[in-house]
Amino acid sequence: MIALDGLSLAIHGTPILRDVSLSLAPGRILGLVGESGSGKSMTALSIIGLLPHGAKTTGAALLDGEDLRQASERRLCALRGNEIGMIFQEPMTALNPMKQIGAQVAETLRIHGAASRREAARIARDKLDRVGLKEIPDSRYPHELSGGQRQRVCIAMAIALRPRLLIADEPTTALDVTTQAQILDLLRELVREEGMALLLITHDLAVVAEMADEIAVMKAGEVVEHGPAASLLRARRHPYTRSLFEASGHQPDRAATRITEAPLLTVTGAIREYPTRRGPFRAVNGVSFALRQGESLGLVGESGCGKSTLTRAILGLDPLQGGTIELAGAPVTPEMGFDLRRRVQVVFQDPYGSFNPRHRVGRLVSEPFHLTGRPADLPARIAAALRDVGLSERDAEKYPHEFSGGQRQRIAIARALITHPELIVLDEAVSALDVQVRARILDLLAHLQAERGLSYLFISHDLSVVRNVTDRVLVMKAGEIVEQGETGQVFTAPAHPYTRALISAAPVLAA
């Protein structure tokens, strides 16, 4: 049905894709994997005709023999949604925040003239039910839904006209393991029941190993290996394919890390509530744990379990309604001074979203000092922080857009290091990175921990990462810690049913 034959792409003269040849049949799933910048998304955008200005293509992108490269914009508009649907990585940016979800699904039908207003509303409701949103009114707005629910709305929009090809570009990267499992099961059902073809783009090799009938591996705009999933996973003939699989299960060397017995962070009976129309909602309910100097502690759980709320309290951003949080014996509150606040820093999931794109790297790295005054040795501190994360002091004069995703995450780590903290909270800090960049960032974090005696609170929905980099793990559900213990023990013999459900939902890449 879909065939790419020698497809090449250049943008303003810069080669992006080189002789890409792939085919996809109805009822089949093709997994497209590779590191960031390998050309996966550009391959998808070439099929659907959403390339940026300055793009020039050669070769052919065929849909039932029709070359989409030669199609007019009017023809492509007729095909998008009707014959080819697409699900993007971040549903909040793909949805209109001003429109109700039912209207957004119905809009797809109305634009193509496939139904009247009333009929479109009925079909939209059917599609929302089909993707598991039966209990959600179609009058809701995107911000009133969870991340997994928003992604389901995007899937309902993509399948509203029953397209024959569905392109899913990193559809589960930002989702927790149970929600990810539900979305993947849904996509698998759609392929089986609707007979559509699925192009699944992801950097999660465990996901593609579980889902795909065929796998294509891309590097620098070329397909370096392609074949049936079972044989490719077993043989891994190309060196780049082998390196991807090795990086996926990477375990950083933490042998030099020294852990003290005295706790650095102590959380005792923490309670955090939010006011609602129905009364107080308790997002964190009596949480207690300790984190030692030099220790890596994992915090896992589904979206909405209270991880982020607890994190904000640990950072001194939100007050508690009960219990205490202490850092080295000093109380952590929103009113604490800079001398205590500098001792705990945070690295977020999306470094680009946490940077002001108009500021140079030097200003961004020194941001923690903006409220406390500029220290006399600030230029030396900026240069040292950048060197510590493997960047050059000359990078201080550049802007965030001049760096790759992995380099931007290094800049975020440099910003956290500049105040010489003792505790760094890593909030999904490697979730959006491809496996090779993730391995390098985890090695960097292990090196910094051994060198400086840092403690890490590692918040992640990627259980494979938590298993490989933490000493102990906490499992959180509905605002409470339901299980905690040594990481190996919890993952090998989980005691709580919720922990067992999380571990069983996570896709596993066979060795």
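This section describes one open sheet and several salt bridges in a predicted model. Local features were accepted at pLDDT of at least 70 and side-chain atom pairs only at pLDDT 80 or more, whereas totals for chains, interfaces and linings use all residues. Residues are numbered from 1 along each chain as its sequence is written, and side-chain values use heavy atoms, with hydrogens and water left out.

Four strands (DSSP runs of E, at least two residues, numbered from the N terminus) form an open antiparallel sheet in the order β12-β11-β14-β15, where pairing requires at least two DSSP bridges between two strands. The edges are formed by β12 (281–292) and β15 (330–331), each of which pairs on one side only. Strand β14 (residues 322–327) pairs with β15 in the antiparallel sense over two bridges, and L327 stands opposite A330 in β15.

Across the whole structure, 30 salt bridges were found, a salt bridge being a side-chain nitrogen of Lys or Arg within 4 Å of a carboxyl oxygen of Asp or Glu. In one of them, the side chains of E73 and R80 meet at 2.9 Å, N to O; R80 is buried at 16% relative accessible area, while E73 is partly exposed at 46% (buried, under 20%; exposed, over 50%; partly exposed, in between; 1.4 Å probe, protein chains only). A salt bridge also joins R130 to E189, with the closest N and O atoms 3.7 Å apart. Because R130 lies in helix α5 (residues 117–130) and E189 in helix α7 (residues 177–194), this pair ties together parts 59 residues apart in sequence, helices being DSSP runs of H or I of at least four residues. Finally, E261, R292, E295 and R472 are linked in a network of salt bridges.
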